[in-house]
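Here is a friendly walk through one protein and its ligand. Please keep the sequence and the 3D view open as you read.

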Amino acid sequence: MVDSLLAGKSALITGAAQGIGAAIARLFAAQGAGVVIADIDEEGGKATAAAIVEDGGEARFVRADVTSAADLDAAVRATVDAYGRLDIAVNNAGIEEQGGSPLHELTEETWDKLISVNLKGVWLSMKAEIAQMLAQGGGTIVNMASIAGMVGLPLGIADYSAAKGGVIALTRTAAIEYVQQGIRVNAVCPGVVRTALLDQAIDAGMFTEPEAAALHPTGVLIDPEDVAQTFLYLASEMSNHVTGQALPVDAGMAAG
Ligand code: NAD
């Protein structure tokens with residue numbers, strides 16, 4: 001594979017201390033990008049950045065909570081200070097609070113927390129990133145949605161699904177609002193991916209691992225590295241003229 005698809009580019013990735021975000025950070029750095037890992041997990045974020053640097057890549061960690069506009073402004077500033085621009089932003093940070101609870105049993109507290117991280121956090125992230133991208137004359141944003149934002153799933157995750165559907169709507173709206181300013185905005189909608197988030201969902205009784213895998217027509221769970229490849233496509237010039245799309249990486253789950 002060509003290893004310079006992102007040569008000379010800078011990328012800010014939220015929620016990249018572990019899981020899919022960390023896989024995206026590793027892949028982007030391996031493709032030549034200077035990466036900023038923004039996360040609330042300082043230890044994990046620093047370790048992921050250090051591992052990238054050890055492999056010969058360029059990465060640094062910034063502590064940022066995506067529910068804080070001030071943190072996001074600072075993360076964008078840190079990216080520009082480090083690399084001169086913000087070429088690519090990946091808004092990936094997300095949580096799953098109370099998997100397995102039917103809609104009428106969800107609490108307001110859980111709903112508010114989940115929407116604040118998974119939906120408002122993406123809006124706040126784009127708000128900070130787009131201001132910088134407008135000032136520099138363009139950029140590319142890839143948001144993390146989910147197949148749960150596209151189809152109804154009987155998993156007790158109404159709040160999560162609503163947030164991810166909202167991310168898809170925000171993606172389309174931003175794509176149209178900024179298309180003439182050289183900013184592309186797309187979203188990725190994974191099926192069930194092997195990460196700590198999946199482990200939490202299993203622990204919460206949402207499903208067993210075989211049941212989770214059976215949601216895919218392939219019967220196989222998806223690896224974070226496979227999802228990262230789609231982020232690379234949407235972040236790079238391979239996807240020039242692609243904007244406002246929500247691309248499933250779901251082993252055919254939504255097609256059925
Ligand atoms: P994960 O729990 O492994 O990683 C999530 C990361 O986000 C962690 O590093 C965590 O510290 C960080 N984070 C949480 N709250 C934050 C906040 N307020 N500010 C900044 N960082 C914060 O989970 P993952 O599976 O890698 O999930 C990443 C994204 O992918 C999420 O948006 C999730 O909804 C989405 N997703 C996951 C799956 C899946 O099956 N795992 C499927 C579809 C979509």
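## The ligand and its polar partners

In this predicted model, the side chain of Q18 places an N or O atom 2.9 Å from an oxygen atom of the ligand. The side chain of Y160 also takes part, with an N or O atom 2.6 Å from a ligand oxygen. At V193 the partner is a polar backbone atom, 2.7 Å from an oxygen atom of the ligand. The protein covers 93% of the 830 Å² of accessible area that the ligand has on its own.

Looking at the wider surroundings, 28 residues surround the ligand. The closest are D39, N92, Y160, V193 and T195.

## Helix α8

Helix α8 covers residues 224-235. Its 12 residues, at 1.5 Å a residue, should span 16 Å, and the end C-alpha atoms are 16 Å apart, so expectation and model agree.

Which residues of α8 are buried? They are P224, V227, A228, T230, F231, L232, L234 and A235. These buried residues pack against helix α1 (19-30) and against the strands β4 (88-91), β5 (139-144), β6 (183-190) and β7 (246-249).

## A glycine in a loop

G100 is found in the loop between β4 and α4 (108-136). Its relative accessibility is 39%, so G100 counts as partly exposed.

Leaving aside residues up to four places away in sequence, G100 touches L155, G156 and M206. D203 is 103 residues from G100 along the chain, and the C-alpha atoms of these two residues are separated by 10.0 Å.

Methods: Residues are numbered from 1 along each chain as its sequence is written. This is a predicted model: local features need pLDDT of at least 70, side-chain atom pairs count only at pLDDT 80 or more; totals for chains, interfaces and linings use all residues. Side-chain values use heavy atoms; hydrogens and water are left out. Helices (H or I, at least four residues) and strands (E, at least two) are DSSP runs, numbered from the N terminus. The expected span of a helix is 1.5 Å times one less than its number of residues. Buried means under 20% relative accessible area, exposed over 50%, partly exposed in between (1.4 Å probe, protein chains only). Contact means heavy atoms within 4.5 Å. A residue is near a molecule or strand if one of its heavy atoms lies within 4 Å of it. A polar contact is a pair of N or O atoms within 3.5 Å; within protein, one must be able to donate a hydrogen and the other to accept it, and residues adjacent in sequence count only if both atoms are side-chain atoms. Accessible areas come from the Shrake-Rupley method with a 1.4 Å probe; for residues, only the protein chains shown count as cover.
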